[in-house]
Amino acid sequence: MSEKIDYQKLEKKLTLQKKSCWEVWDDKIKKQAFDFAEGYKNFLNKSKTEREAIETGIELAQKNGFKNITEVKSLSVGDKVYAINRDKSLFLARIGKQGLDNGMRIIMSHIDSPHLDFKVNPLFEDENLAFAKTHYYGGIKKYQWPAISLALHGVVCLENGKKINIKIGEKDDEPIFMITDLLPHLDRPVGHSGKSEYHEIKGEELNLLLGSLPVNDSKIKEKVKLAILEYLYNKYGIKEEDFASAEIQAVPCEKARDLGFDRSLISAYGHDDKVCAYSSLMSFFDAEIIDQTQVCILIDREEIGSDGNTSAQSVFLESFMLDVLKLNQKNCDINEIYHSYGISQAISADTTVAVDPDYKDVHDLRNACRMGFGLAIEKYTGHGGKYSTSEASAEFLQKLRMIFKKDKNIVCQFSGGIGKVDQGGGGTIAKYLANRNIDVVDAGVALFNIHAPLEIASKADIYCAYLGYKAFYQE
Ligand code: MN
Ligand code: MN
């Protein structure tokens, strides 16, 4: 006779138990998660654009003892430096006990979020109203952007070399801007017109209403546009031609706010990917020094495919590494960097999608991430047939699992690909690190409403990202 098997025990031992952070955590850590969220909301409200996120990042770095690499003469163990690329990406390093020879621990996130850019020739007048033409940046659903309050953020570079900072629409007493929408009375899905759908917003209809007051001169053809230009000239010294050397973005005015009776969620513009930027930055500051040099990078232009000199594909990364190497009194040789890449580990810290009960059928529910279920680790992203993505190796994932397992409060959920096979998909910057011969995996926060003017994140997942990143940096 064989011994009687306790199948309940066996089930616990052999099967994957998915649990939410709220079920795993005690009250003490729940409170820590809520406290962490306060700092994060603060960061978000100051960092709606790439430039602003980098500015806030530098402020935090300086507060934590980091020095600009251009002001440093040499680097030794424990030294902390940062480098800025064109005000749009930020590279931070803390020298490990073995310099770069033992590889690096890198976390890279992105700080650009979908928004509307002013076109190069934005201003026009129609029906006695002034507008600005925009070109959307990143993957938006266009219908989400009309009829909401928008603020303008950016810079205008004048002929005289002055750089004007613009930020209008954030304070309660400042005006806001808006894209108009068609009234439902004239846009009925079913009616005499026989239409089956609402009007689809076109890219060229994303025009921002700027004003309606004309100048007082009957000889002027476009009186309202001229009145706007007069205002811009008097206030900032901007002429119409200056928009050619400007970067002005329309972003939602809304502040980051607690969502739900229990305040367990946060609604905000730009969780993707400032949630990973903030949590990786904080974990980087708080982590202990190890043998390997720790690197934290906030990168730009992920939302449009990582092209450009401030993107993850830019050789600024190599240039930064070489500078660190040189100051660390080593041969300044690119081969040293390549060697270091080969024995480095990286996390591409980016957001992914959580199962929304209203839209379950886009997911393979057995391989999908849930809101509140902790750090979301994607073995690969891309689309059908694993195109346009790198994939983390079994060996690397095993090492990561063991790091995260050491702390029971680091709740993880593993997944691969976004949504059902052949449903669609999406990419991250992971492949640009993988192409450099670095072991890398995506790990971040699962969201609702990705790329909408307001996205939703769980305070549990945000704090879990912080805990997971910190463990990755120091274990
Ligand atoms: Mn992202
Ligand atoms: Mn995105």
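**Glu50 and the manganese site**

His451 is buried, at 16% relative accessible area, where buried means under 20%, exposed over 50% and partly exposed in between, with a 1.4 Å probe and protein chains only. This is a predicted model, in which local features need pLDDT of at least 70, side-chain atom pairs count only at pLDDT 80 or more, and totals for chains, interfaces and linings use all residues. Residues are numbered from 1 along each chain as its sequence is written, chains are lettered from A and ligands numbered from 1 in the order written, and side-chain values use heavy atoms, without hydrogens and water.

Now the metal. The manganese ion (ligand 2) has as donors Asp272 (OD), Glu303 (OE), Glu303 (OE) and His451 (NE2), at 2.0 to 2.4 Å. Donors are N, O and S atoms within 2.8 Å of the metal, or 3.2 Å for Na, K and Ca; water is not among the atoms, so sites may look incomplete. Along the chain, the donor spacing is D-x30-E-x147-H. Asp272 also bridges this ion to the manganese ion (ligand 1), 3.4 Å apart from it. Glu303 is buried too, at 13% relative accessibility.

Next, Glu50. Which side chain does the side chain of Glu50 make a polar contact with? That of Gln249, at 2.9 Å; a polar contact is a pair of N or O atoms within 3.5 Å, and within protein one must be able to donate a hydrogen and the other to accept it, while residues adjacent in sequence count only if both atoms are side-chain atoms. Leaving aside neighbours within four places in sequence, Glu50 has contacts (heavy atoms within 4.5 Å) that include Asp87, His115 and Asp300.
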